[in-house]
Amino acid sequence: MSTLAQAPIYSDEPQGWFARSEAWLDNKGKGAWITAMVLGFIFVWPVGLALLFYMIWSKRMFSRSCRTNSARRGFSAMRPSGNTAFDAYNADTLRRLEDEQNSFENFLQRLRDAKDKAEFDQFMDDRAGKADAAKADEKEDA
């Protein structure tokens, strides 16, 4: 035999049944993986458990695609809708809400400052009262 006949053949296609089924499930998406796992639990529970562990280990369970879709949905208020009247109303409402939030935060800061000042004034009054009481006690002892 020649060395060419002994060389392994490399191809883009998966070689084993496991690799082929993994590639098929990957092409179908996350739903196919979950369906295979549920069917595995229903018919032969160790297979379902093995698929669950494999999905977690290979990070297929918590893939990036789910996080990016939910992140895109969260900022839908900032995207233009195509209706200029609604977009103007939306921008005005968001600006008004930001102004209200800023004014409320300023109010809370003033409230905290007033509370801190009142506590400090009470501390200083108590301190002055204790100093006056100490001086009065010294005068009585003398």
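So, K117: at 53% relative accessibility, that lysine counts as exposed, because the cut-off for exposed is over 50%. This is a predicted model, by the way, so keep that in mind throughout. The partner of K117 is D121, and their side chains meet in a salt bridge, with 3.3 Å from N to O. D121 is at 30% relative accessibility, so it counts as partly exposed. The two sit 4 residues apart in helix α6, which puts about one helical turn between them. Why does that spacing suit a pair? An α-helix has 3.6 residues a turn, so residues three or four places apart point the same way. And side chains of opposite charge can pair when their charged atoms come close.

Staying on α6, which runs over residues 84–141, let's go back towards its start. Which residues are linked in a network of salt bridges here? D92, R95 and D99. Take the two contacts in turn. D92 and R95 meet through their side chains at 2.5 Å, N to O, and they are 3 residues apart, again about one turn of the helix. Then R95 also forms a salt bridge with D99, where the closest N and O atoms are 3.1 Å apart. R95 and D99 are 4 residues apart in α6, so about one helical turn separates them. So R95 is the residue with a bridge to D92 and another to D99.

How accessible are these three? D92 is partly exposed, with a relative accessible area of 37%. R95 is at 44%, which also counts as partly exposed. D99 is partly exposed too, at 40%. Overall, the salt bridge count comes to 4.

Okay, over to helix α3, residues 30–43. This one has 14 residues and reaches 20 Å from its first C-alpha to its last, close to the 20 Å expected at 1.5 Å a residue. Which residues in α3 are buried? A32, W33, M37 and G40. Looking down the axis of α3, the buried residues fall within an arc of 135 degrees, so they line one face of the helix.

Some of those come back in the largest nonpolar core, which has 7 residues: L25, A32, W33, M37, L51, Y54 and M55. α3 and α4, that is 45–57, each supply at least two residues of this core. As background, in soluble globular proteins, nonpolar side chains tend to be buried together.

But α3 has nonpolar residues out on the surface as well. There's a nonpolar surface patch of about 640 Å², made by I34, V38, L39, I42, F43, V44 and V47. Where does the largest share of that patch come from? Helix α3, with 5 residues. I42 is a good one to click on: it lies in α3, and it is exposed, with a relative accessible area of 57%. So you can look at α3 with M37 buried and I42 exposed.

Last stop, the helix before that. α2 covers residues 17–28, so 12 residues, and it reaches 17 Å from first C-alpha to last, close to the 16 Å expected at 1.5 Å a residue. What comes just after α2? G29, which takes a positive phi of about 110 degrees.

To wrap up, the two places I'd have you look at on screen are the D92, R95 and D99 network and the nonpolar patch that includes I42.

Terms used: Residues numbered from 1 in each chain as written. Predicted model: local features only at pLDDT ≥ 70, side-chain atom pairs only at ≥ 80, totals over all residues. Heavy atoms only, no water. Patch = residues over 30% accessible without salt bridge, like charges linked within 9 Å, V, L, I, M, F, W, Y side chains within 5 Å. Areas by Shrake-Rupley, 256 points an atom, 1.4 Å probe, with all protein chains shown as cover. Buried < 20%, exposed > 50% of the residue type's maximum accessible area, 1.4 Å probe, protein only. Core = buried A, V, L, I, M, F, W, Y, C linked by side-chain atoms within 4.5 Å. Expected span 1.5 Å × (residues − 1). Arc of directions from axis to C-beta.
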